Amino acid sequence: MKEILITSSALILALLALRRLFRRTLSRRAQYALWGLVLLRLLIPANLPAADFSLLTAAEPVRQTVENRLEAPRRYYSPMSTVPAAQFPAADRAEPGHLVPDYAGSFGYPVLSEDGSTVTTYASRLETPFVWKDVLLTIWGVGTGVMAVWLLLSNLLFWRKLRKARTPYPVEGFSLPVYLVESGLPSPCLFGLFRPAVYLTPAALRSPDSLRHVLAHEETHARHLDPLWSLLRAVCLTVYWFDPLVWWAALASRTDCELACDEGALRRLGEAERVSYGRTLLSLIPLRKAPANPLLSATTMTAGKRQLKDRITRVAENQVYLGRALFAAVALAALVCAVTFTGAKKTDSFQDVDQAVAALAEELGNYGGPDGDIMSKLIIYTPENPSEFFDLKDGELLRVYWGSVYLLSGSLSNPMGWLCSLYRVDLEPDYLPQNMEILGSDGQYQYGISRPDWAPEIKRGRTEGMSLMNQVIDRIREAVLSCKSLRPVDQPAWDAAVTIPLDGLEPYEPQEAEELPFPYGYQNMLGGLEDPDHVLGEYGLMFFEGGGRVYAGVQHIARSSFPTPFWSFLPGAGGSYSASLFRNLLGHDGFCITYNANDGPRTVTHEYYYLNEEGWPVLLARMEDYPQRMDLDGDGVDELVSNDMYADHFYFRQDGKYCKADLRPLLWTVWPTGTAFRFDGWDPATRSMPFRAQVSSDPSYQYRTLYFDGENLLVYNDQRHFTDHMIGWFDEEFTVKDAALTAVEERFHASRVEGAYCDDWRITSIGEGYGVEVDGKFYVFRQVSYEFHTPELQDAPALGEGVQDHWAAPSSEDLWLMFYVPSWHSGDTVSYADFVYLHSFQHEGRFTLSEEFVRQKLREIPALDTIYLGTATLKAETSVISAAGLAQAVMDRLMEGDTINMTLLASEGGGRYDVDPQAGNWPSQAVSFTQRFDWSYAQDPGDVPAESLLLISPEGNLSLRFWPGRDLVLLNTRRAPQWDTIWLQAEPNGDSADTTDIYGYMRRLYDEAELDGLSKAGGDF
């Protein structure tokens, strides 16, 4: 109403000025028509889109100042305990009626009494408007009710009076009913909204001219629909009874109504009747001493002396009105409407995001609760004001924490104190930070808000953190979205492959919560949900416990002494609960209660409530695990989506009806029934959800993307442009990109060998990196999504018609790349340019990145790759491959050949034998090759004796050399165009009774080969 009062006041004053300016040059009918603009402004509360030139934009600073002055200090409620002020620490430093500073307690708000004698600890607090706001609202409501009764009674009594006194008076050729009222009617009038009739006084029948003039006048009223306009004018006075400008406008418009009617009547009667018409008015219009009833919808002829004089003067004058004056008046009126009908432009709009970030950092940095309430302080980090504890991430423009610096300095890896971050990311990034909500794009970058997986949760009803997080995110969202350089993120540029209508879904109706009985015995107040922005209006959500259960109830802040319970929860051991506010979810504002009981499956439940007109909770939706509010169709109203790996349903509102969409049955209308779907979760960046489909008879998967446009589900194929098997926007270091290309190409060629007819392949995405430290070394894993192409439709997987595009993922297993980061120390910044690619592997579903998992994957690396990796990375401080792993990999590689050449170099002769590695004791000896010795890397010993034993691969590019009486082993490997030489040391570990050194261990194999060779030659031994 504040906006209506401001704009209507300006409009009325402007029209009164125009009325004065054009009173001699503009017809009264045109002046009367302009008052319709005031009716529109007063009766239609909506505004046109916001504009810089709007009156509301100019008045916004004044409005904010007035509202701030009307705001009262915090109101504390739900008292828990009261103690003497002398017994409460720091009470002597508190002002009467204010919070005690530097309070170190874990919960509650201690407030010093007005007389300073006691300190009362309250469970919660609420910012509420000053009490006079409620008083004024009550006065307005009572006044409106009184005016409405006056309006109704005035017209009903007048109608009753006319019905009793009227007598039909036939007038031939007249279109309206005519009645004669012998007494009690001051002047002829037109009355009746749906069936208007003319009521005559005896004075109107004195002459035929007088009767003709009156009938022409009242018929003109009827043609102008003046009874309707009189009623709407009375409605405006009823609603805005306190505004003197509205009364002024009503009186002026009533005068203009009669003058416009005179003009119309004279136009029908002709100029010859002008003088006689004026005489009729003089004889019939009584001069009123008291003001006429402004709520009466009858068009009576009563007038004051001044109005009568002006009216007769205008009738007597035969003025010619100028067209230029009409054009000027209309133009000025249009200008006034443009100023008064448009909404307020937000004063905090910014040119670009950098400007918004600078303003937000200053604004949020100045935020803080009362003295001592450290939990509502905000700590802001920007690239210009970085954290002293750790660096901001790439693209991170703003990071917001809650709590004090002392609380944050202990452990910053715990996200409980982190509220959100604002990021700048590429237009099509390889990955997004956790829980990223993309706000828009400036054509070069996207901007999004990232938040914790879980809102900061304080158990036992302490929910300030979640409320604060929502406030901060809403403020950042509001500021960033106001940037002139930002525009929404678009859907794909190509058409959807399939459209699935949702108009056939069965709607559901939100149910009111059941009122629960109060628990027996003592009830302990736990706390309340802070609501400084009045999302719940004059109501508050409170938690209390009794009888071993936790209860939630809603109370009217000013009236209720204790909340009425509607929700209860048995926490059990380890159970938890929390609450948070939401706005514009399915068209409602309200709160969400999240709980996880320990007396059943470990499922987290979220219940979303809004308050009805009586202030009672209504259950809007219930969802388990990981729901998220997201505006899927871009209409400004959030839908509720399930956003975990089983994200198979969401809630939306269509044409005022609430619906739940289960995705699997809907997609089965396109794919065969029984097709398996795996959903990757709704992506806030694009308001879409990638998913994969697999027909039970086919091992391959097709990846598709799902959108919701408010009425339909839209299924999109991937029609992005790919170059060299990768999409053009991949911005990866060469190491990662080359490893991904190598790994996928190997699988592509392997599939063709196995008989699959595929003619192309592509990499669709490279996921975010996951790293872990194992044995002092750092390993990173990256997920790669890829597809193969089948040229003919009959060779492609038999999936749904309309979504088939010949591309499919060949397996349900994910492809992972494994990297090693050499020369890494704890605390180092990891750069992909330093990565060493180890190998790739397929894995079904999720896995836990642990030390044992990394060791397992290292054991799975093929022998040749292990040898190369061991030699290539030995120049770093530590090799990626252990000495034992490298030695075993060399032995495994030698065992893969058809033969192994064994050569003994000795001063008393020697020999050379090509042995079968699968014969004799070779398999068992090779398996235990590294188990009996402690292996380590060794330095080059310099000169070594020539007497030694060599094992050489058939190609001659791999060899091991051993010396008698020494623990040294020399590895030589050739990887074109160079040779690598590695020295190893193998000491007996004592795990076996056999303490033979490494030379003696391998000499046994040589002696076996020599014996076998002599036997075959038939020699004597």
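Two strands pair if DSSP finds at least two bridges between them. Strands (E, at least two residues) and helices (H or I, at least four) are DSSP runs, numbered from the N terminus. The model is predicted: local features need pLDDT of at least 70, side-chain atom pairs count only at pLDDT 80 or more, and totals for chains, interfaces and linings use all residues. Residues are numbered from 1 along each chain as its sequence is written, and side-chain values use heavy atoms, with hydrogens and water left out.

**Exercise 1. Describe the open sheet of five strands and the helix α11 that lies across β10, β11, β12 and β14.**

Step 1. The strand order is β10-β11-β12-β14-β13, and the pairing is antiparallel. At the edges are β10 (378-381) and β13 (436-441), each of which pairs on one side only. From one strand to the next, the twist averages 15°; axes are lines fitted to C-alpha atoms, for helices over the stretch in contact, and angles run from 0 to 180 degrees between N-to-C directions.

Step 2. Five bridges pair β12 (residues 418-425) with β14 (residues 446-450) in the antiparallel sense. Within this pairing, L422 has I449 of β14 as its bridge partner.

Step 3. Helix α11 (residues 353-365) lies across β10, β11 (396-402), β12 and β14. The helix runs at about 15° to β11.

**Exercise 2. Describe the open sheet of four strands and state the bridge partner of R653 in β28.**

Step 1. The order is β25-β26-β27-β28, again with antiparallel pairing. Its edge strands, β25 (627-630) and β28 (657-662), each pair on one side only. The average twist from one strand to the next is 25°.

Step 2. Strand β27 (residues 649-654) runs antiparallel to β28 and is joined to it by six bridges. The partner of R653 in β28 is Y658.

**Exercise 3. Characterise the salt bridges of D209, E787 and E860.**

Step 1. The criterion is a side-chain nitrogen of Lys or Arg within 4 Å of a carboxyl oxygen of Asp or Glu. A search of the whole structure finds 19 such salt bridges.

Step 2. D209 and R212 form one of them, with the closest N and O atoms 3.0 Å apart. Because the two residues are three apart in helix α5, about one helical turn separates them. D209 is partly exposed at 37% relative accessible area, and R212 is partly exposed at 33%; the cut-offs are under 20% for buried and over 50% for exposed, with partly exposed in between (1.4 Å probe, protein chains only). D209, R212 and E273 are linked in a network of salt bridges.

Step 3. E787 and R762 meet at 2.7 Å, N to O. This pair links distant parts of the chain, 25 residues apart: E787 lies in strand β37 (residues 777-789) and R762 in strand β35 (residues 760-766). Both E787 and R762 are buried.

Step 4. The closest N and O atoms of E860 and K857 are 3.1 Å apart. E860 is partly exposed, at 38%, whereas K857 is buried, at 5%.

**Exercise 4. Locate S953 and determine which residues it touches.**

Step 1. S953 lies in the loop between β44 (948-952) and β45 (958-962). Its relative accessibility is 8%, so S953 counts as buried.

Step 2. Not counting residues up to four places away in sequence, S953 touches L894 and L958, where contact means heavy atoms within 4.5 Å.
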